[in-house]
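Hi,

Here is the structure I promised to pass on. Have a look at it first, and my notes follow below.

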Amino acid sequence: MAAHEVESGRRIDDARRLAESGELEAAAEIFAELVADDGEADRAQAAVGLALVLEQRGDVAGARAAARAALATGHPEFAAQAACHLARGFEREDLGDQARAAWQAVIGIGTPAYLPAAHMALARIAARRGDDAEAEAALRAALATRDPLVGSRAAQALAERLLGDGEPGEAADVILGALEVPGAADAGRLRVLLGMAHLDMACGEFAASVEGAVEGGGDADGTALAIELLARTLPLRGRDEDADAVWEYGLSHPDEAVAAQVRLRLARDEGPHAAVPRAGEGPGAGDEG
């Protein structure tokens with residue numbers, strides 16, 4: 001290592017110690033001298049240090065200028081740090097367009113360690129702007145980094161979006177992909193979402209079975225079973241009113257054999273001595289008086 005590189009590293013260490021001890025002005029002077037030297041090997045690192053010190057001193061404009069100087073070097077580590085510094089500052093001030101550009105700069109540098117946070121930030125900014133397509137693309141990009149923590153969070157956010165859009169099968173695929181990452185964070189939460197996706201898929205299959213029976217006929221017991229399973233599964237997804245409507249549909253089914261089976265299945269909830277409800281007496285039926 002050349003003597004000037006050793007000296008540069010020593011001066012950066014000195015500036016860092018000064019900053020840690022609260023001597024911000026002295027630290028800034030050292031960092032600024034190093035940044036001013038275009039031939040300085042540690043210029044990018046010094047510029048990041050200067051940005052941090054100036055921010056602590058309340059000089060936001062100066063801090064951003066120093067961060068931009070570091071970013072301009074294209075250094076894979078310190079330029080990425082500088083872009084993250086700029087992006088977070090812009091987000092704190094609710095400057096969405098500037099924050100978005102800075103996070104995109106992080107991605108442009110391409111240093112793997114900084115990509116997960118950048119993609120998640122872009123998803124967050126897109127969601128605030130109401131750009132669902134961009135938010136979803138950013139979440140998928142974050143998931144693709146296979147980062148155990150950020151990838152898990154991206155999978156959760158994406159799966160929740162897909163469930164809300166009525167795409168439980170795709171949501172399940174996303175969650176399974178996240179669970180395959182070694183050391184995936186929040187595995188319990190991911191499995192809860194996977195169960196929710198399976199419940200939604202089950203509801204879809206039960207509903208399809210009922211619809212198929214209406215269109216092409218079917219045995220009364222199988223149709224009644226599908227109605228019961230759909231009605232009992234929907235509340236697990238917070239859809240009580242839909243469940244009531246399914247019970248009502250079964251109780252008033254045009255095929256009396258199906259309606260009778262549904263009444264028997266519903267009556268089990270009330271015990272062996274309960275009266276068998278008639279159409280209009282099941283869950284969701286309005287009370288008079």
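Let me start with H10, where Pro168, Ala171, Ala172, Val174, Ile175, Ala178 and Leu179 are buried (under 20% relative accessible area, with over 50% called exposed and partly exposed in between, using a 1.4 Å probe and protein chains only). Seen down the helix axis, these buried residues fall within an arc of 160°, so they line one face of H10; the arc is that of the directions from the helix axis to the C-beta atoms.

A word on the source: this is a predicted model, where local features need pLDDT of at least 70, side-chain atom pairs count only at pLDDT 80 or more, and totals for chains, interfaces and linings use all residues. Residues are numbered from 1 along each chain as its sequence is written, and side-chain values use heavy atoms, leaving out hydrogens and water.

Ile175 of H10 touches Ala159, Leu190, Leu193 and Leu194, not counting residues up to four places away in sequence (contact means heavy atoms within 4.5 Å). Ile175 is also among the residues with the most contacts inside the largest nonpolar core, which has 64 residues; such a core is a set of buried Ala, Val, Leu, Ile, Met, Phe, Trp, Tyr and Cys residues joined through side-chain atoms within 4.5 Å. Apart from it lies another core, of 16 residues, including Val210 and Leu266.

Overall, the protein has 14 helices and 0 strands (DSSP runs, numbered from the N terminus: H or I of at least four residues for helices, E of at least two for strands). Buried residues make up 40% of its 289 residues.

Best wishes
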